[in-house]
Each structure stands twice: as structure tokens, then as C-alpha cells.
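Dear colleague,

I am passing on to you the structure we spoke about, with the sequence alongside. Please have a look at it first, and then read on for notes on two places in it.

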Amino acid sequence: MGKKGGIKAPFRGNRKKPSREEIMKQYEFLLDISDTYISMIGRDYTYLITNEAFCKALNLKKSDVAGNTPMRIWGQDTFQKIIKPYLDESFKSREIRYTRWFEVPDKGDRFFEVTFRPHLDNKGEVDFVLVSSRDLTDQEKARMQLQQQQQDLELVNTVNRLYSEGKSEADITSVLIKKIRVLFGAFAANIFLADDLHARLRPLNFFLPEEEAKRVKFRFSAEAFRGFGKGSYFRYVLQRKKVVNITQKERIRRVIRELTDDNEAAESMIALLEKYDVSSMLVVPLVKDNDSLGVLGIARDKPFTEEEIERIKKLGYQIIVVLKRIKEEYRLKQNEQSLEEAQRISLLGDWSWNLQNNKVRWSREFYRILEYDPRRDKPSIRLLSRRIHPEDRRKVLQKISGSIRKCRKRCTDQFRLLMPDGTVKYISSTGILEYVDDKPRRWHGTIHDITSLKEAEQKLLHQTRELSLINRLNLELNKGTSLEKINQIFYGLIRELYPISHLIIFMREPFDEDFHLVFSAMPDDTRAILKKDNDTSVFYTVPVRGFKEFRERFGQDGPLIILNDPDQMKEGMNILFPDDERNRSVVNILSEIGLKSQLFYPVMSGDDLLGFINLNSTEVQERERLKNLSSVLGQAAMVFLKKIAEDEMQRLYNAIERLNEVLIISDSNGTILYINRAVEKILGYERDRLTGKNLRTMRFTEEDPAFYESIWNTVMQGRSWSGMHRLQHKNGEMVMTRSNVTPIRNDEGDILYFVTILQDITREIALEQYMQRTHKLEMMGRFAGGLAHDFNNILATIMGYIDMVMDEEDRESCRYRYLNKAKMSGKKAEEVIRKLLTFNRGVDPQLEPVDMTSLLREIFALLKPQIPRHVETEIGDHSGGAEITADPAQMRQVFLNLLSNAIYAVRDKKNGRVRVTLEVLEASGKTNRKYPELKKGKWLCVRITDNGEGIPPEAMDKVFDPFYTTKPVGEGSGMGLSVVHGILRNHNGVIHLESNPGKGTVFTVFLPAE
């Protein structure tokens, strides 16, 4: 054996290398003898090879499968939704394993564990995938059966507990029926007690879906029910003592009609069953010891399986026990000792202790609970005490001795057992003391292992508290509580569930690269430690990238990152706070606080990381226990995000509501979904009356309908539209608006809704027109002033020479008369020059207090000869006798011109009318929108209105121009309104013109009243 080659040499020459076909046959043989369904699928999605189990399951031959595609074998829907996604992942060198129910020919539904295992070729690439499926149906059914047994046991324990607590018949059956509905997905369920005396049924609880319970007219009194009389279906079931599954709807309707004498109630119930397509009713007789207690009825929309029927039968037995207790409660009270002992011994371990000879007897169940060997261990109180938990031992022994000493007939207690392997059991024990000649003789009773029940109760209690916590947070959210207060409540509640000492919440603003501290809660001693630190601001921010790296390093097993040792904690702080000085400060603070456990829960919105919740504890915690916080933190994070979103939405809503522009949101058809309050201010319409109307049908002005149609066509093509157009205020005034309509699309490019913004630019347009007119008149004034100055110099020379020649001429001569006429024309020219200078502020006003009412009455008296008899004049004084500071002569000239023009405009009208009104106005937002040139303050407003023919639109911008007039030749110089404008400008006044052709003209003069 020490020579080269050893014992292997003789076999080398005799061994024959098998051929490829032989190897393949051997492999195929190995595959065929396996019960596991095996197949190999190539990269072209075709089957390369399958085993016999696979082909038999599908009733196919190997030749039918080889070279075929899974899509043809399993169908396109199954291939695309289930098989292909897993194959695609496997072709990426990923092994996949999952479990699922499948329908197998001739076998029905089967539960498989399916594994996709990729095979790599010499180049390291996946050339095919091996798919193996293990039939785990029996194991899954066993698991489901165990789960059902646990649910049934929990139901039974709950009912027994309620009974032992002395709950009422209604309470017990209510819990019972509700749980049965949940366990079996039932539409309705009820227990009917038999009343032999009245041949009727008495319903205990009748449960329907909550949304339907109030709609059905159904009387629950005993007088309303029958169905237990001779020939009834329920009596037939009780007599047969067999469970009946009714699957015919007509029979179900017949049974419902038998239940009550109220035909309307029966028909209402039948209509409800048909609405929910109830097609199966299970009737379970409740019979014990030939005592027909009643029936259990369960109805739902699908048939009951055999397994479910057997399960309901078993539950029916437990229901019978409870009903029997309820029905015979008066007997239980008379014979409570013996009946209670029999019930407990039949279900639990029993024991007895003879106090005279100190002999102890344990049942087999008792031995099993204590994990003693009946063949080796002799029962005794000392042996029992060894198993009792050291913390409970003294209390239990004292209770036993105290009961004997004080002659207590019954003793009930709960305590713990500490088993050899360190596990703890929870025990409920009841003992009864028997007497002979008034002396205690024997103890006997039961013990019940309630460990699973205790654990379930604790788990349920914990879950209830968690649910209560989330409900409390949602309640505070609905009440509008601030986020800070919600976080404080969350901190207080979660500390009742878990030993948490610190809660810290970091959130990230949009487009920010750091998480910012938004909430922190901690004990007072921790705050004292932080106050001693020079720079606690190190905790205020955490880099986003640092936290992502932190998760990658410690959070591979899920969203929770838990650190339970100092080295991991220090490593984590190095990642979160890479700066040396900052890191040292953080580590020192955490060390001084004495943290032992940390938990980080990321707050996510889809794939976006918004922040994280940090929970810390000064105690070392179990990893699994902290992981149970996942659901609580997840739901709490949803509450936090919802509150943040609500706060942001509220801020956005407040901002939109306070906009000075009208904002309209409409759907893709143009129906208004939302409009802000600015519409009431700008257009005067109540927004509630506009919501729900269509933008295309809304017309606030007399614009051409084609104009709106062009806007609609533009935005429906996905383009924005901007422009100006007039809208009519509710009071009839016209409002100039600048509008913008923007379509909003989804990711697919479809238009979801439109956003329209209307901006009131009436004041801006009016102010712009006023500035343009003022600028034009200013330029014309400068021109006229220069012209008047030069012309005045020339005219002065002419007038001087005329005076010199006239002095030398005879006053009776023709030449004198000619010169006199020339001089009169020169004086008229001087008057024109004087008006031009007035227009150009050439004449300084002599200011003094002026009573405008008296001045206007004086002007009307002066013009009285010029006013035709058919023209009506009126002065309306609402100024309260307000005075202004002005030049009286220039004011007379202003209003003499304006009133003369008004009288001239109505001279030929039969019902002509000139009205003057005076009032004092305070310049405000509403006033400035119509008269933007007014400055803040009080103004005396003089409005001169006539009902003449009005001014043509083309002349509106020229009426204040020098030498422009609409009067015929020879009737006007065109300087009147120019002089008026110049005088008012010189007095810091404003004149405003409104005119509608055919309806009249309004001149409004504003003069400072202060």
C-alpha cells in the first residue's frame, strides 16, 4: 500500500468508462424514481427533460413534454404570471424557492414547495434551470389542521373563561357566534334554543353583516319565532340528531319562512340572503343525553366541506356543554361541588391528598404536566414543591396550610412551575377539602396547564395594547392634534409596551441632503446629561448618505437595525457621524447615558427614504422582541406621514385661499372641482354656486363663443393658454383679467385636470391708460406752453403797433374801425394764449377754502339763461358740507366748462337731465380698482351726469387734447376740457370720464378733501 498507486492500480485497467447515453439513462433513472416533480428548462423556455412523476401529474408522456414550452403545458396566463417571472430571475443566477397551492389532475389541489435552481456552464453562465416541486400537501394540511385546532381550542377556552367569570347568556353566545362567523366565513349564524312548552324557538343572538343588520325588519322576541312545532324542519333535525347541510336555495327559503310568523320579516331575510347569494345552510342539532337543547344554524355563500362539517360538529359539542350549563344552571348551584369536580377531572389532571395518612395520588395527566415518571417518582407534596417556581413556592404552600388550618372548603390558585430545562409553565389549580365529623379528611382537585393560554392572553393583551396605541394616534390625528403632541403621546404609550428609554424622530425636507431632528423624548436624567455636554447640536442632523450606508451595513435582514453590543454601536456611530470631533461627542454622550440597545426604523414612501425613527433602551433587549415593534412603528410612521401631509396640505390650502388671484381646478371635461375664495372678491360670485359647473358653459362676458372654443381647443391639445379678456362682475361692472390655463398630465400623458389662474388687472390697465393720457397731455402741455410763450411775444408786438397807429388815426375813420377790429381779434388771441398757459400750469392758483355746494349753485344760476326749459337740473349733496382748499375763480372755470358741456349735450333732448352729486370718499381697494390714480386719503367727489348722446369711443382718448372738439365748426374752441384738466392737475385733482354712446356721459372730479 505504500507503493506508488497503492491499491487503486489493479482497478484502473479493468474499469470501462460508461458512454454518455448510459450516464444519461442512469441520471434519468435517478430522476424517475423520485416522487419529486423534476424538470429542466432551457434558456429558450423549452423543457429539456422531465421525470416520470412530473409527466404522471400532468397525464402526459415524456415525449409530449420534451422540447415543448411551459406556456403550452400550463397555459399562457399561468406561464406569464407565475412561471416566467421566476425563470427570468433564475436565469440571473438566483435560486428561488416558494410554496403554493396548485391544481393537479386526478389529485385536486395540492401544496408544493417549488425550487428554481440555475445551472452554470463552463463559462459561468446559466444554460438551464432545474425546477423541482415537493408535494407538502400532508404537512400543510396538518399545519392547517393544527391551526384550526388551536383556533377551536381558543374559542372553547374563551367560552369557558366567560362562563367561569359569570358572564350572561347573551354575552357568551355573542362571542361564540361572532367567532364562528369569522372561523367559517359565514354570512349569518345563530343559536336557537328549543322551547318544548310553547313549541317555539328562542334565538340567543342573530348576527348579520353590520351594514345590513339595521335594514332588515326582524323581531327577536320569542313570540315572533316558531319553527319547532310538529312537522318543522328544525324538529326533524333534532329528532334525527344528524347535521344537515342544505344546499338548495328553495329549501333555505322554506326554512326561513318556518322561523317566524312575521311574513314581512321572513321575506326581508330571504331578500337579504339572495342579495349575498347565500347558497348553503348548515343545521347542527344540539343534543346532549337525549336532551334536545336547540340547533346551531350557519349560512354562507359557498358549500361546507366535509372537514368543516366535522370541525363544526366538534365545536357543537362544546357549544352543547355551555348551553347545558346555561340551561341547568340552577342544578349547578345545588350541586356545584360534585359537578365542578367531575368537569375539571374529565379535562385536567386530578390529584388527591389524604390528610390522615398523608398519602398523595396523582393521575397520569398530573405526572405529565409536572414531567415526572410515575414508575420512579412517588407522589408527595415535597415532590410537587420542587417543581413550583421558587418565587411562587412559599405563597402556594402557605395557601394550602392556611386553607386546612382555617377549614376552607375550596382553594383556587394560579402559580408557575419551573421545569428542569429552564422553561416555565403556568398552572391553574383548584382543591376541595372534604370533612368527616367536622374535621378535614381529604384534599382533592385538579390542575390545569394554562401555559399556552397565558401566552396567548399575554400576546393578545400586547396586541390589544398595540392596537389601542395606533387607535389612540389615529384618534388624535382625527382630532387635529399637533404632530408634536402626537409624538409625545406615542412616546408615553410605547413605553408601556416595551422598555424604551428614548424616542428620536428624524425627517428629511424635499431636496435636502440631511435628516433633521423633529422630535425627541427622553427621561429627565438623560436630559441632565445632555445639558452638561457643550454641544448637543451634534444630534440635530444626520446625513442621508450616512444613514443609507448604515442600513446597508446593519440592516440586511429587514428595515429594523438593532445594535446590542458596544462595538456595533460604536461602529454605527462612526458611519452616521463620520466627523471625528462630532463622533467623539456622540459616542461619549451615548456611553454616559448607558445605552445598551438601539432600534432604527426607516420611514419610507415607496422607494423614497423620508426619515427614520430611533428607539433606544438602557437595557439589553432580545432581538426578536424588538422586531415585534415593526408593525407598530410602521403604522405609527403612517400616522406621522399622514399628519405631515395634512399639515402641508393645510398650509397649501391656506396659501391658495389667500391668493389675490382666482385659482380654478377642473377635470378633463372642464367641470370645476375647486375654486378659491378670490372669485368672490374679484367677480362677486359665491364659489359654492360655481363648483360643479363646466368652464365651457360659463360666460361672464359677451365675448364671441368662438374665443372660448379656441381656448378649449388649445388646452385639449395639451398646451397652455395665456391671454387677457374681460369678465363681468356680478354687479355688472367689467373686470379686465389676465388668464392662464394649464393642463396637468399623468405619467402616461393623459390629461387629468386643468389649472386656471385669473388675475384682476383692471386697476393696472386703468392706471396704465391714465399714465399714458397724463404723459400725452404733459407733452402737449409743454408744446402748447412753448407755443403760447412765443406767440404771446409776437402778439404783444402786434398789439403795441396797433395801439400806436390807432392813437394817430381819427376815431371816425374807416382805418380806425379796421384797426379796432384787429385789436379785438388780438384780445381773443390773448384769451386763447391764457388758456394754453392755464393748461400748462402757467397760472398759479390763489388757494382759499371753498364751499363747493355754494359754488355749484352759483354756476347753475349763472347758466340759467342758457338752460332750455325742457332740461331738468339737480344737485344732490351728500358731502356733509365738506370744504376744499382751491382757487375759487379756477374752480368756477372748471365746473362752468363741465356744466356747459353737459347742458349742450342734452339741449335737443325732450327729457334731458343734468345731475350733479357731491360726496366724500375714502380711497380704498375697491375705489382704487376703478380709479387707480387716486392716492390714499379722503377725496371730495363731484359727479356730473347727463343723459345725452354720449361721446363716440374713438374720441374718448382725445377729449382733453387742446383744440379738439366734437362740436360743429364755430361752436367750440376745443380748449375747455384742456383747461379743466390743467386746473385740476394744478390742484392735485383727478378727472375721470365714462360715456356710453346713446346713454349719456359722466364726468367725475376728485379733489383732495384734506
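In what order do the five strands of the open sheet lie, and is the pairing parallel or antiparallel? Please keep in mind throughout that this is a predicted model. The order is β23-β22-β26-β25-β24, and the strands of this open sheet pair in the antiparallel sense. At the edges lie β23 (672–675) and β24 (721–728), each of which pairs on one side only, and from one strand to the next the twist averages 25°.

Within this sheet, strand β25 (residues 734–745) is joined to strand β26 (residues 751–760) by nine bridges, again in the antiparallel sense, and one residue to look up there is V741, whose bridge partner in β26 is T756. Helix α29 (residues 705–716) packs on the sheet, where it touches β24, β25 and β26, and the direction of helix α29 makes about 150° with that of β24.

The other place is E113, which belongs to strand β4 (residues 108–120). Is E113 buried or exposed? Its relative accessible area is 16%, and because buried means under 20%, E113 counts as buried. Leaving aside residues up to four places away in sequence, E113 touches R97, Y98, T99, S132, S133, R134 and L136. With R134, one of these residues, the side chain of E113 makes a polar contact, side chain to side chain, at 2.8 Å.

With best wishes

Key:
Residues numbered from 1 in each chain as written. Predicted model: local features only at pLDDT ≥ 70, side-chain atom pairs only at ≥ 80, totals over all residues. Heavy atoms only, no water. Helix = DSSP H or I, 4+ residues; strand = E, 2+ residues; numbered from the N terminus. Buried < 20%, exposed > 50% of the residue type's maximum accessible area, 1.4 Å probe, protein only. Polar contact = N/O pair within 3.5 Å; in protein donor to acceptor, adjacent residues only side chain to side chain. Contact = heavy atoms within 4.5 Å. Pairing = 2+ DSSP bridges. Axes fitted to C-alpha atoms, helices over the stretch in contact; angles between N-to-C directions.
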